[in-house]
Every structure is written in structure tokens, then in C-alpha cells.
Amino acid sequence: MYPRAFSYHRAASLKEAANMLSQLSDDAKLLAGGQSLIPLMKLRFANPPHLVDLNFIPETSYITEDGGQLRFGALTRHADIESSAIAAKIPILHDCAAGIADVQVRNRGTIGGSLAEADPSGDWAAVLMTLSTEVRCLGVYGERTIQLSDFIRDAYTTALAHDELLSEVRVRTPPKGSGGAYLAFKRSAPVYPTASAAVQLTMEGDLCKDASIALGCVALTAIRATEAEAALRGQPINDKTVNAAMEAARSVAEPQSDMRGSVDYKRTLVGALVKRAIGYAVRRAGGEQVEVSHIYA
Amino acid sequence: MLEAIEKIPIQLKVNGKAYSLKVEPRILLVELLREHLDLTGTHVGCDTTYCGACTVLLNGAAVKSCTMFAVQADGAEVTTVEGLEKEGTLHPIQKAFGDCYGLQCGYCTPGFMLSAAQLLEKNKKPSEQEIRKAIAGNTCRCTGYQNIFKAIQQAAENMKGA
């Protein structure tokens, strides 16, 4: 399959890419990992007359730690995060990176591309919403920092202006005693999940001091399940509180019926994923090393 | 009316051989390999980033060549199934796929072998779980996968000390 013909522009710096976007107006798309964009172009759902390739810009793929914050260059591939010792310090990040699609897609796809695409079924948004995450956005007039919750506006829609691009993702390291887990349920490796749940809990003894829970694939964007969080915050983690959190997650989900499952099926599924992820999060908060992987049907 | 699209000059190495070409931006890497370089061992299966039949190595990393533009491979080293064999001798992975009946129709096989090549380059003794994870992006509709696992385990054995 051929995409519609387009003009190709290779940016030498992020600044130059922003300038190109500004000059080419709405007609241009950025090419990062291309694992969503290229299939869309081949199916001719997307027909940009201009592509600005970011892949040849040096120093856009990095993972660093600085003052309690992890920083990811926009073009950092999922596979690099999967194998990063720095990223492994926040286990929920490793869960996500190691489970996205398959080896080949993880070798190309980027964290910045995933967030800027804002696909409701993308993995990163749900995971990063449970952490304190901000994104750096670079435009012709300079840079700004936006909280991730303000960055993602709607399905496939972000706060980026047409001549702006995402340059860096910054994630605050959770406090001591905090543990998280991300679970996605997929029919097979290469497909988008049917539903996913990210849970980050901060424990103090048996009590849950703080909880953040986000759901993927069950609304127009990844969503926070704030009622589910409230059901755990300040409470001991037991069957009663976990079931309350699970019920609250099911209620807040607004999935659409499609080939991956009916509305009821996805609601039930996302509740079960929340329950399981809470279990892993508690164990990790207690210092246990737990291997968490995506679930295949 | 569409203006003429400018062709982009690229240089890349495929299976160790250097090429200097001018390509239309929308040409996919798999089309460059098959149609321009006549390397038809790389197959197109689903053409939608699912099946992995088009898997090649890009600087040693397995990628789906139907989901990359050829212009993006500028400066890269690409390995296709044709590059596995050395001087008429099958690569241990190729030999193991034959010995273990790790294929039936063979259409998906080049992709599997290159995914296996990335795995075995980084992990000399993969567990079955690690093999499953490494080939999760490759689809086979004939074998049921069991003999593919065996072939990759056998290849790891054969490559010991290599």
C-alpha cells in the first residue's frame, strides 16, 4: 500500500522542526517513530502533504535523572526505556515500555510520539497520569512546560499548537513507600489493548496514604479514576476497599463497543485489571520485586 | 494539481553492500528492498504493522519494514534474510528452522528468523518465555509455533561459542 505522495523535510534540530511546522502551516505532520502515523497514511486515513522527520535530530533520545525527576527525550524509543536501569527505578514505567505492542514496534515507537498522538488506546498516557508528569513543548517562540493532565485534551487532541512540538517528558520519582503497576489486556501482542489500568499507591504500614489510578482504552482519553482513588486513600488495603475501588473504576469507564468487546465486557475487564494492579502495587510498595506483564487473551 | 515530489538521495548498506539511491519519500523500506534492490526474501503479509513478515534488522534492531519509509534508513545498515547466509553456508538460525521443521509454507519465516537474530544477538540462552516475547510480533498461520520455539532453542545451542 502506498501513502499519498508527500514532501519530505528532514529537521536538523527541534527548533528547525518547529520553524518548518510554522512555515508549512496545518499541512505538515511530524514523523517520530511512525508506528501509528505510517499505518494511518498507508490506509489514507491521514494524508499530510508534508512530513517533518525528527529521527535525524541528535540528542533527542535520552533518559536522565536529575533532582528527583526522570527526563525522557521525545524520541526515546520504548525499547530503550524497556532496557533502561534508570527507568526501572519506577517499575510502572518498565511495565509499560516492555509491554507495548511487540519488539519491532518498541524498537521504533517513541514516548513523545505516543503522548502527542493521544490515541485513547495508547499505553503511556494512562501510566504517566498516575505519576507527577509534565511535558516540555517547544515552539517558534520558545518553550513551555505543561502538566500531562492539561496536555491531553481529547481523543487525538493535545494542547500543542500547530507549530509546537513535544521535546521532553519529565516524571517525578514517587516517594519512598510508593509502588505501582500497569496491566494491559490484549488479544495478541501487536494490537492495542482492550483495556488497561495503571495504579500507583503510597503505603504507610498497612494504610494506603495516597493512590492514583488511571484507565486506558475506556474513554476518549486515558482517564483518572478519582472515586476509585478515594476508596483507597487513608484506608487499609483489604477485600472491602479493593472491591470498592474496582466498582468505582467500572463506573467511571465509558468504553465503546467494538471488535475488542462490548461495553459490559470492557467495564468488567477494566475493574478486574484495577484489582490485580492494586495487588502488584501493594507488593512493590513493600519493596518486593514483582514481574508484571501484559495479559494476552 | 500536485507538484512533482522531490526525490531524496539516500545512502545505506544492505547485507554489507553499499547503495546510493534517490527515492520518492513515500516508498516504504520493504518496497525499496523488494522492488528496487530485488531482495524478495523480505515478504509483505498484512501490510498493517501486525504480522511481522516484513521484519528486517535496522542497525541490528528488528523493525517492520512496511512501517518505515526508505528515506528513514538513510545512513543505516539493513540486514535481510538474504544477509543471514554467509558464503553459501546457512546461518545457524536458518539451519535450525529447517532441521526442526520450524516452517510449513515459509511465507512468515524470514521475519521470524530476523526476530530470532535480534534475540540471539542479545541473549545467548533465552528461556522459552523470552523466545515467546521476542517473536510476539510475528504471526505464523501454519505451524502452531511449537517448532518455531524449538528451532530458536536449537539455533541458540548451535551458536554457542560462535
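Here are a few friendly notes on chain B of this predicted model, covering a helix pair, the contact with chain A and one buried threonine.

1. **Two crossing helices.** A good place to start is helix α2 of chain B (residues 92–99) together with helix α3 of chain B (residues 109–122). Their axes come within 10 Å and cross at roughly 130 degrees. Because of that angle, α2(B) is oblique to α3(B). The crossing of α2(B) and α3(B) is right-handed.

2. **Who makes the helix contact.** On the α2(B) side, look for Ile93(B), Gln94(B) and Phe97(B). On the α3(B) side, the partners are Thr109(B), Met113(B), Ala116(B) and Ala117(B). By character, the residues of this contact divide into 5 nonpolar and 2 polar, with no charged residue.

3. **The buried side of α2(B).** Which residues of α2(B) are buried? They are Pro92(B), Ile93(B), Gln94(B), Ala96(B) and Phe97(B). These buried residues pack against α3 of chain B and also against α5 of chain B (146–158). Ile93(B), Gln94(B) and Phe97(B) thus appear among the buried residues and in the contact with α3(B) as well.

4. **Just after the helix.** While you are in this region, have a look at Tyr101(B), which follows α2(B). The phi of Tyr101(B) is positive, near 55 degrees.

5. **Where the chains meet.** How many residues does each chain bring to the contact? Chain B gives 25 residues and chain A gives 24 residues. On the chain B side, β4 (61–64) and α3 each supply at least two residues. The largest share there, 4 residues, comes from β4(B). The side of chain B that touches chain A divides into 12 nonpolar, 9 polar and 4 charged residues. So α3 of chain B is worth a second look, as a partner of α2(B) and as a contributor to the side that touches chain A.

6. **A buried threonine in a loop.** Thr42(B) sits in the loop between α1 (29–36) and β3 (55–58) of chain B. Is this residue buried or exposed? Thr42(B) counts as buried because it has 25 C-beta neighbours inside 10 Å, and 20 or more are needed for that label.

7. **The surroundings of Thr42(B).** Leaving aside residues up to four places away in sequence, Thr42(B) touches Val30(B), Leu33(B), Arg34(B), Cys54(B), Val56(B), Ser65(B), Thr80(B), Val81(B) and Pro110(B). For a sense of scale, Thr42(B) and Lys160(B) are 118 residues apart in sequence and 27 Å apart in space, C-alpha to C-alpha.

Terms used: Residues are numbered from 1 along each chain as its sequence is written. Chains are lettered from A and ligands numbered from 1 in the order in which they are written. This is a predicted model: local features need pLDDT of at least 70, side-chain atom pairs count only at pLDDT 80 or more; totals for chains, interfaces and linings use all residues. Axes are lines fitted to C-alpha atoms, for helices over the stretch in contact, and angles run from 0 to 180 degrees between N-to-C directions. Angles under 35 degrees count as roughly parallel, over 145 as roughly antiparallel, 65 to 115 as roughly perpendicular and the rest as oblique. A crossing is left-handed if the near helix is turned anticlockwise from the far one by less than a right angle, and right-handed if clockwise. Two residues are in contact if their C-beta atoms, placed from the backbone, lie within 7 Å. Ala, Val, Leu, Ile, Met, Phe, Trp, Tyr, Cys and Pro count as nonpolar, Asp, Glu, Lys and Arg as charged, and the others, Gly among them, as polar. A residue is buried if 20 or more other C-beta atoms lie within 10 Å of its own, exposed if 12 or fewer, and partly exposed in between; C-beta atoms are placed from the backbone.
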